[in-house]
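This briefing introduces selected features of one protein structure. Please examine the sequence and the 3D view before reading the notes.

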Amino acid sequence: MSTVRVATSTPAAPLVQAVVAFLQKYEPFSLVDDALLLASARQMKLAYFAKGDTLIEPGSGTPQHCFIVKQGVVEGTRLDANRIDAVLHMTPGEIFPVGALSARRPVSTIYKASTDVFCWLMGEAVLNQLMQNSAVFLDFTKRRMGALLDLSNQQQQTRYASLAAPMQMMATPLAAVMRHSPLTAQPSESIRQVFERMQSAKVGSILVVDQAQDSASRLLKVAGIFTKEDLIGRICLPSVSLNDSIASVMSSPVQTARSDQTIAQAIIQMAHHNIRHLPIVDAAGDLVGIVTERDLFALQRQSLRQISSAIDNAHAISNLVGVSNDLRAWSKNLVAQGVKPAWVTRLISRLNDRITKRVLELTAKQLNFSFDTVCWIALGSEGREEQTIATDQDNGLILASPEQKELALLFAKQVNLHLDQCGFPLCKGNIMGSNPEWCRTAQEWAEQFKHWVNHTDPQALVSASIFADFRALAGNLELAVQLRATIAPIATQARFLKVMSDNALRNSPPVAWTGGVLEQWLGSTEAPIDIKVHGSGLFVDAARVLALAHSLNETGTADRLNALIDRKIVVESEGRSWIDAFEFIQGLRLRLQHRHGESDAGLADADGVKSLVATVTSPGKIDGPTNPNLLQPATLSPLDQRILKETFRQARKLQQRLGLDYP
């Protein structure tokens, strides 16, 4: 380590105030109590490192203090498999190595000054004082990526306060909005008795409980539900006697949610099951309340019910044309409220599923086509339930017999054209059910997948990657279940996984963020980053390879990583950081696309395996359709710039894991 100049005396009062003012500009110090931050600043010392100096490295023993960068850039590199890899850049406001100092162990990263650097030195006693007396600082040290994302979400909500103010915060627990006294009935009560009670209470639903109310504990178990919407179909048309029991006409089993779940989670559940009433239970499954779609969206201009009703009540394709625009506007509201990107993209995918299913129903009726022996499958981002608002079509068909193919292709062509009318542009790569290559019997699909696995040429890898993310959407779903079971052992061949891994490592985080000069990106308006190809796609590709290797049925990127964590294949702390990083990138993409305001039809799918239609001819200029996934890093807040760096560092770590598994 080079000789370093350190101020040994205690900082004078004006300098202490300058330290506090500096730290208050950066998280998590900005959230630390003023008195505690002032006490910490009094014990810090200033150090200078010349360009090329080593601040700390693996062979230098246990750290004696943390470094807080005041000025300049520190580069962190790690020696791995006899190769030096850049892993991060530390810029003003960043602190390191917190983990090594708190655990009293040597660092595993070499930290060097990329420029002349000034750092505040914070000793172990000060670090412990902050961790013991500041919950937010302790949280940051334990889950760096997750804590940064929480802060970013708070900042995002503040930024969109004018838009989000009239709406319910989607992160609010259901306990805060549920009705405290839901109307209930016993299974043996007559329909007449139940109707009289509903009329008297002026409510549209009643919960049927399967046990008598306990006067001591007042606990109830939900057995069924009856709503006014059930009246015509279940009682009037079948001429059911009002003397019959309510149990004979109630809906059962009933979808329920826990009181600690969020509004966002309830929205997803309602959208997926197409329900409007959600009983709330505690951890033991006992009834504590109920929420309705009206409760959750009473203050929203575009409600889930409006969008859902528009889909369900569409009697012609023309009725569905405006729904996707309503969905985009509604998703913007959710993003503005700080709803987790994973929930927003899943909700978009679920509602897009319903639009697609309605298109399939209307087209099948129009052409007198039967769905009994075919299965419509979603591919790409829709297959992973990771659709953003800028998406094209990726779909296919599984047939029960080859004799169906001619009619199935005609049906699929009409469906693809109808989906195009509804705002889902035709796939430029022709990955659609109307293409004979993507319309096969289950046996043909298995043989084709085996062919891709055995040949592993570039086109075969592209096709195998797209197909590996398939998800059954409509029709005979058992065909998809059987096909997934058939291809699972085929995908575990070592040679195939190696080539898939190499393909996943073709793209990497932007060089300037992992091994180049960071300031060129932070200050530039001419060097955008495609955060689809060089961001989310890195996580998608790596998670897919690991999922195939371990025969996982999950198709979503976060779901795959969670399954790997559950099976102890991936260390939980690493896996959670990868999921957080992926979701941050997805959130950035949603924000960019809402700003962009139009579709990126024909651009690369998030898995990074399709070619961009738009070609970058010079920095910042696009030949062809504007790419809504291009990010100018200089437009981000300092906090989001910091998280973006951490995100790319996590992508690099995930790729290094892939490289170690398939060297």
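The notes below cover a pair of helices, the cysteines and one loop residue.

This is a predicted model, in which local features need pLDDT of at least 70 and side-chain atom pairs count only at pLDDT 80 or more, while totals for chains, interfaces and linings use all residues. Residues are numbered from 1 along each chain as its sequence is written, and side-chain values use heavy atoms, with hydrogens and water left out.

**Helix pair**

- Helix α14 (residues 341–367) and helix α16 (residues 405–421) have axes that come within 10 Å and cross at roughly 130°; helices are DSSP runs of H or I with at least four residues, numbered from the N terminus.
- α14 is therefore oblique to α16, a term for angles that are not under 35 degrees, over 145 or from 65 to 115.
- The contact (heavy atoms within 4.5 Å) involves T356, V359, L360, T363, A364, Q366 and L367 of α14, together with L410, F411, Q414, V415, H418 and L419 of α16.
- By class, eight nonpolar, five polar and no charged residues form this contact of α14 with α16.

**Cysteines**

- The structure has zero disulfides, a disulfide being a pair of cysteine sulfur atoms within 2.5 Å.
- C119 is buried (under 20% relative accessible area), at 0%.
- C375 is buried as well, with a relative accessible area of 0%.

**Residue N476**

- N476 lies in the loop between β19 (471–475) and α19 (477–487); strands are DSSP runs of E with at least two residues.
- At 25% relative accessibility, N476 is partly exposed, the class between buried and exposed (over 50%).
- N476 and C375 are 101 residues apart in sequence, yet their C-alpha atoms are 5.0 Å apart in space.
- Beyond its neighbours within four places in sequence, N476 contacts F371, D372, T373, V374 and C375.

How values were computed:
Axes are lines fitted to C-alpha atoms, for helices over the stretch in contact, and angles run from 0 to 180 degrees between N-to-C directions. Ala, Val, Leu, Ile, Met, Phe, Trp, Tyr, Cys and Pro count as nonpolar, Asp, Glu, Lys and Arg as charged, and the others, Gly among them, as polar. Buried means under 20% relative accessible area, exposed over 50%, partly exposed in between (1.4 Å probe, protein chains only).
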